[in-house]
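User: Could you walk me through this structure, one question at a time?
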Amino acid sequence: MTPDKLVQIATENNEPEWFVQKRRMALDVMDELPLPEIQRFDFHNWQMTPDVSQKIRTSLQPNQNFVLTDIFDAINEYPELLQKYYMQKVIKPDENKFTAYHTAFMNQGIFLYVPKNTVIEDPIEINLEQNSQAPFISHILIVAEENTQFSFIQKMTTTGDQSAIANCIVEIVAQANSNIKYAAVDELGENVTSYLSRRAYVGQNAYVDWSIGMMNSGNTIADFDTDLYGEGSHSEIKVVDITSGRQQQGINTRVTNYGKHSIGHINQRGVIMDRSRLIFNGIGHIINGASGSNAEQQNRVLMMSSKAHGDANPILLIDENDVIAGHAASVGQVDQKQLYYLMSRGIDKKTAQRLVIRGFLGDVLVSIPSKQIREQLIQTIERKLENGQQVSENSK
Amino acid sequence: MATLEVKNLHVEIEDEERKTKKEILKGVNLEMKTGEIHAIMGPNGTGKSTLSQTIMGQSNYHVTEGDILLNGESILEMPVDERARKGLFLAMQYPAEIQGVTNAEFLRAAINARRPENDKISVMDFLKELDKNLELLDMSQKMTERYLNEGFSGGEKKRNEILQLLMIKPNFALLDEIDSGLDIDALKVVSKGVNSMRGDNFGALIITHYQRLLNYIQPDVVHVMMGGRIVKNGPADLALKLEKEGYAGLRDELGLDVKLVDED
């Protein structure tokens, strides 16, 4: 797309000058930027950057205690906040080709602003529906001011079965003493190739808890990151992932400790079926000066088929002496003891396998903040596993 | 009436690290009918648990000779789940823990595994049965919403095994050291659960070191196992005699050449 055309579409969409210029600058640098780096995972021939002209508006229920609104309304109604935070503080447009593409072509989005000292009891639930007829360049910007507490649940599904791309970014700004739970259940369709980047900036004594159910049926690369800037900041990132068919997924999950006494834990569980491929990279980075900090990670994958490919790579980069850091990684098979136990109660082998797998994913499942979403995710997992078992059966 | 017969059973176990095989059971014979409670006593390391695990079908135990018949039909070629659906139940010494699967969901799956696709147990019937059994075992309702055995104390795990027994209602239950690690109150509760199953359609094989459990669950027959064989059968008071004289006493009386594991 030409810069002029991009500017014209944005202006017709009633976007302010600074926002249009941000798009334009991102478009200018996009071609020169490298792809995001996903270690041990090759996706250089994925076609991820089509032109986009259509905008998708999102209607949301207004609330008295916080701002939850369509991002295109937000850029006009809350220009200062958006200028300060949108692709500015957490993720930058020029980090890689896909962040630049995102900035240039973002066509759907949500802005959540939670003012100081606000506690929101009920989880905020967002259902994102991607239509496979158009690229889906979705942005969620969450700004949590000091002393706030809330849960945010995001579901994402696809309607239609045409090939499409999705480029979805979530930015969270967690100011001092905020406490945020973010749960995602991603169920993009089989023909959707996606790039997901979710990142939090965590301030002093703030806490960000990520629970991510990666249930996409199509090829996916993902970057789940937390930057622990504040002293005493804390983040837990839990990811469950099931791949089947000929799906390819590369997941980078990174926590960087900048602040003293900051705590970052990564816990990833993957189930790899059929001929699919799943790479988990867990990256723990402790910056010089982050004394007393803690970085631990577990990356475990279960191989359900001899034709599946998978790996769990812990990567620890430590530039400070006074820290606690550790990692565990495993590539294994279904726990035979658990399987035996279930079967000894008369439960058939396939059902027992699914229950054992659910147990393997349990750490992440149990930490999802809504019972309803947890049960939905369990159903999705059951369905994916049943389909996967069926495919393996048929290909024997 | 159902029958369970163990005939001249020889079982070996493979040491995966050392790649060696060791024979544990050396010709076990046993016959049980529903309506009967049998107890197997014996010193440590004599093959009691091996017997129960082999009957259930645990794949680490290899039958090299002999047979196991359930209602006259050999079950050696049957997978574990099929044996269970045919009426066998093993209350395990070390039940597995599974996070993310609730106790209630697991119990329903186990009950439904025995029923045809178009006749699954209704939620009401299930809850009614569950409440009744929870009360019998003095267990709180919360236990059923907890994840399967996860974070359960030793006593809670044992109770949970008996809860499953009561819900599944097998023909034959193998109870492997169900008394280990239980205080006297828990022991009474567990025994109450097993006794409530007594009847024409239920038989149990109770494996224990100690006579204590048999004060609460009166056996019809006591078998003593040593060195991979059943060396003596007798009525309930055989257990009392053993308690008094010890396994070494019986061994010497029978003139057996068996080394007891805990003997120095």
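**A strand and its surroundings**

Analyst: Happy to! A:A164, A:A166, A:C168, A:V170, A:I172 and A:A174 point one way from β6(A), A:I165, A:N167, A:I169, A:E171 and A:V173 point the other way, and all are buried. Buried means that 20 or more other C-beta atoms, placed from the backbone, lie within 10 Å of the residue's own (12 or fewer is exposed, in between is partly exposed). In a regular strand the side chains alternate between the two faces of the sheet. This is a predicted model, where local features need pLDDT of at least 70, side-chain atom pairs count only at pLDDT 80 or more, and totals for chains, interfaces and linings use all residues. Residues are numbered from 1 along each chain as its sequence is written, with chains lettered from A and ligands numbered from 1 in the order in which they are written.

User: How many residues of strand β6 of chain A are buried?

Analyst: Strands here are DSSP runs of E with at least two residues, and helices are runs of H or I with at least four, numbered from the N terminus. β6(A) spans residues 164-174 and is mostly covered. The buried count is 11 of its 11 residues.

User: Which strand pairs with β6(A) over 11 bridges?

Analyst: Two strands pair if DSSP finds at least two bridges between them. β4(A), residues 136-144, runs parallel to β6(A) and is joined to it by 9 bridges, with A:I137 opposite A:N167. A:I172 of β6(A) stands opposite A:A200. The parallel partner with 11 bridges is β8(A), residues 192-202.

User: Which element gives the largest share of the largest nonpolar core?

Analyst: A nonpolar core is a set of buried Ala, Val, Leu, Ile, Met, Phe, Trp, Tyr and Cys residues joined through C-beta atoms within 7 Å. The largest one has 182 residues, and A:I172, A:A174, B:A91 and B:L174 have the most contacts inside it. The largest share of this core, 9 residues, comes from β6(A).

User: Which element gives the largest share of the side of chain A that touches chain B?

Analyst: Two residues are in contact if their C-beta atoms, placed from the backbone, lie within 7 Å. On that basis, 21 residues of chain A are in contact with 22 residues of chain B. The elements giving two or more residues to the chain A side are α6 (336-343) and α7 (349-365). The largest share, 10 residues, comes from α7(A).
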